[in-house]
Amino acid sequence: MRCVALALLLFVLLRVAPLHAADIAAGKEKAELCVGCHGEGGISQTENIPSLAAQPDLFMQWQLVFFRAGTRKNEQMQPIVEQLSNDDIRNLGAYFASLSPPKNPNPDDNPDLSAKGAQAAAGRRCNSCHTDSYAGTKAVSRVAGQREDYLVKALHDYKSGVRSGGAMAAMAEVAYPLSEEEIEALAHYLAHL
């Protein structure tokens with residue numbers, strides 16, 4: 001029953017979205033709620049917290065809906081997303097998508113690890129969903145330039161089945177066979193793109 005309600009909500013969100021254009025300025029104002037964890041301009045400075053800058057609009061909308069519906073769980077996110085209207089979600093998606101992507105301020109200090117990560121990404125066909133530049137598209141996340149520690153956490157969460165919502169089935173299939181070394185290498189490679 002909950003899945004049917006979520007599917008109906010997503011259908012309505014996606015059908016209504018073209019009728020009500022997103023308001024980036026309103027999204028920026030609402031994003032003040034996000035700065036404490038996700039950082040100024042959507043660039044996280046906090047361990048295990050993702051950067052939201054330049055995430056695809058639909059990806060952001062879907063994740064917020066998953067959090068609001070309780071499909072994705074996070075103690076800090078739940079009380080915030082419960083207050084969001086559908087317009088807030090559309091506006092936040094547009095705002096974060098409009099921002100410049102994060103860039104790793106540190107040079108790649110381990111090119112051998114990055115090379116192993118590139119091999120793991122190619123072997124798992126990560127670009128088939130996340131695009132050749134790993135910038136994501138539509139409802140698929142940007143992983144290029146994401147925080148390395150967060151990427152490790154996300155891959156562990158997919159591998160263990162802790163993370164649900166969205167691409168859970170596809171990501172679980174990709175993450176489950178990854179070794180710890182491959183997870184570390186993949187996260188390092190993507191964070192330095």
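**An all-helix fold seen through helix α11**

Buried residues account for 40% of the 193 residues in the protein. The model is a predicted one, and its secondary structure amounts to 11 helices and 0 strands. Read along the sequence, the pattern is accordingly α-α-α-α-α-α-α-α-α-α-α. Of the contacts with a separation of 6 or more, 71% join residues 24 or more positions apart.

A convenient place to begin is the interior. The largest nonpolar core holds 20 residues, and those touching the most other members are A121, Y134, L151, L155, L178, L186 and L190. Two or more residues each come from α7 (111-123), α9 (148-160), α10 (168-175) and α11. Of these elements, α11 gives the most, with 6 residues. Apart from this core lies another, of 16 residues, including A53, M60, V65 and V81. Back in the largest core, Y134 offers a closer look at one of the members. Beyond its neighbours within four places in sequence, Y134 is in contact with A121, C126, N127, R142, V143, A144, Y189, L190 and L193.

Helix α11 itself deserves a paragraph. With 12 residues at 1.5 Å a residue, α11 should span 16 Å, and because its end C-alpha atoms are 16 Å apart, the expected and modelled values agree. Its buried residues are I183, A185, L186, A187, H188, Y189, L190 and A191, and the buried residues of α11 pack against α7 and α9. One of them, H188, sits in α11, which covers residues 180-191. H188 has a relative accessibility of 4%, under the 20% limit, and therefore counts as buried. Leaving aside neighbours within four places in sequence, the contacts of H188 are D108, D109, N110, L113, S114 and E148.

The pairing of α11 with α9 can be described in geometric terms. Two packed helices are described by the angle between their axes and the distance between the axes. For α9 and α11, the axes come within 8 Å and cross at roughly 140°. The two helices are therefore oblique to each other, since an angle has to be over 145 degrees to count as roughly antiparallel. The crossing of α9 past α11 is right-handed. On the α9 side, the contact is made by E148, L151, V152, L155, H156 and K159. On the α11 side, it is made by E180, I183, E184, L186, A187, H188, L190 and A191.

Some loop residues are also worth a look. Most residues other than glycine have a negative phi. N48 is not a glycine, yet has a positive phi of about 65°; N48 lies in the loop between α3 (35-38) and α4. With a relative accessible area of 29%, N48 is partly exposed. R125, likewise not a glycine, has a positive phi of about 55° and is found in the loop between α7 and α8 (127-130). At 59% relative accessibility, R125 counts as exposed, because the limit for that class is over 50%.

A further loop position is G70, between α4 (57-69) and α5 (77-81). G70 has 12% relative accessibility and so counts as buried. The C-alpha atoms of G70 and V81 are separated by 9.7 Å, with the two residues 11 apart along the chain. V81 is also among the residues of the 16-residue core.

Methods: Residues are numbered from 1 along each chain as its sequence is written. This is a predicted model: local features need pLDDT of at least 70, side-chain atom pairs count only at pLDDT 80 or more; totals for chains, interfaces and linings use all residues. Side-chain values use heavy atoms; hydrogens and water are left out. Helices (H or I, at least four residues) and strands (E, at least two) are DSSP runs, numbered from the N terminus. Buried means under 20% relative accessible area, exposed over 50%, partly exposed in between (1.4 Å probe, protein chains only). Contact means heavy atoms within 4.5 Å. A nonpolar core is a set of buried Ala, Val, Leu, Ile, Met, Phe, Trp, Tyr and Cys residues joined through side-chain atoms within 4.5 Å. The expected span of a helix is 1.5 Å times one less than its number of residues. Axes are lines fitted to C-alpha atoms, for helices over the stretch in contact, and angles run from 0 to 180 degrees between N-to-C directions. Angles under 35 degrees count as roughly parallel, over 145 as roughly antiparallel, 65 to 115 as roughly perpendicular and the rest as oblique. A crossing is left-handed if the near helix is turned anticlockwise from the far one by less than a right angle, and right-handed if clockwise.
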